[in-house]
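Okay, everyone, thanks for coming. I'll put the structure up and then just talk you through it.

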Amino acid sequence: MEVPARLIKRQQAADDAHAQLRGLDSDEHTAQWKRSREAAAESQAAVTEHATDAGLNRAALEATVKEAVQHPEWASTAHGWCRWLPLR
């Protein structure tokens, strides 16, 4: 199964927004937390929509997307991690 690039980009944006929380204080932290939560919600909504449209298991798709973000080198192989996940 090929993970759509748009899902990977949204998850990466959510991860990046969350990572930016480190070292922030008070108002800056609150504002960044809000951006982080919004990015995560957008990523979740995109995964849910794609899973519904494609008839895929939503949780498995989410795990696949997160793995693709955390381990992009695995996604580049023809017989990588994505082929054994129970998507249906």
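So, let's begin with Ser26, which sits in helix 2. Its phi angle is positive, about 40°, even though Ser26 is not a glycine. And is Ser26 buried or exposed? Its relative accessibility is 57%, and the cut-off for exposed is over 50%, so Ser26 counts as exposed. Keep in mind as we go that this is a predicted model.

Let me zoom out for a second. The protein has four helices and zero strands, so if you read along the sequence, you get the pattern α-α-α-α. There are 88 residues in the protein, and 32% of them are buried. The accessible surface is about 5,900 Å², and carbon and sulfur atoms account for 52% of that.

Here's one about the fold. Take the contacts between residues at least 6 apart in sequence: 56% of those join residues at least 24 apart.

Now, helix 1. This one runs over residues 5-19. Helix 1 has 15 residues, and from its first C-alpha to its last it reaches 21 Å, close to the 21 Å you'd expect at 1.5 Å a residue. Which residues of helix 1 are buried? They are Leu7, Gln11, Ala14 and Ala17. If you look down the axis of helix 1, those buried residues fall within an arc of 125°, so they line one face of the helix. And what covers them? The cover includes helix 2, residues 26-54, and helix 3, residues 58-70.

While we're on helix 1, have a look at Ala13, which lies there too. With a relative accessible area of 40%, Ala13 is partly exposed, because that class takes in whatever falls between buried, under 20%, and exposed, over 50%. Ala13 and Ser36 are 23 residues apart along the chain, and their C-alpha atoms are separated by 8.6 Å.

Okay, on to the core. The largest nonpolar core has eight residues: Val3, Leu7, Ala46, Val47, Ala51, Leu56, Leu61 and Val65. Which elements give two or more residues to this core? Those are helix 2 and helix 3. Helix 2 provides the largest share, three residues. You'll recognise Leu7 in that core, since we just met Leu7 among the buried residues of helix 1.

That leaves helix 3 to look at. At its start, a side-chain oxygen of Asn57 reaches to within 3.0 Å of the backbone nitrogen of Ala59. Helix 3 has 13 residues, which at 1.5 Å a residue should span 18 Å, and its end C-alpha atoms are indeed 18 Å apart, so that agrees. The buried residues of helix 3 are Ala60, Leu61, Glu62, Thr64, Val65, Ala68 and Val69. Two residues in that list, Leu61 and Val65, also belong to the largest nonpolar core.

Let me finish with Glu62, which is found in helix 3. Why does Glu62 count as buried? Its relative accessible area is 18%, and buried means under 20%, so Glu62 makes the cut. And what is Glu62 in contact with, leaving aside its neighbours within four places in sequence? Gln44 and Val47. Val47 is one of the eight core residues we listed a minute ago.

Right, that's my tour. Thanks for listening!

Note on methods:
Residues numbered from 1 in each chain as written. Predicted model: local features only at pLDDT ≥ 70, side-chain atom pairs only at ≥ 80, totals over all residues. Heavy atoms only, no water. Buried < 20%, exposed > 50% of the residue type's maximum accessible area, 1.4 Å probe, protein only. Contact = heavy atoms within 4.5 Å. Areas by Shrake-Rupley, 256 points an atom, 1.4 Å probe, with all protein chains shown as cover. Expected span 1.5 Å × (residues − 1). Arc of directions from axis to C-beta. Core = buried A, V, L, I, M, F, W, Y, C linked by side-chain atoms within 4.5 Å. Polar contact = N/O pair within 3.5 Å; in protein donor to acceptor, adjacent residues only side chain to side chain.
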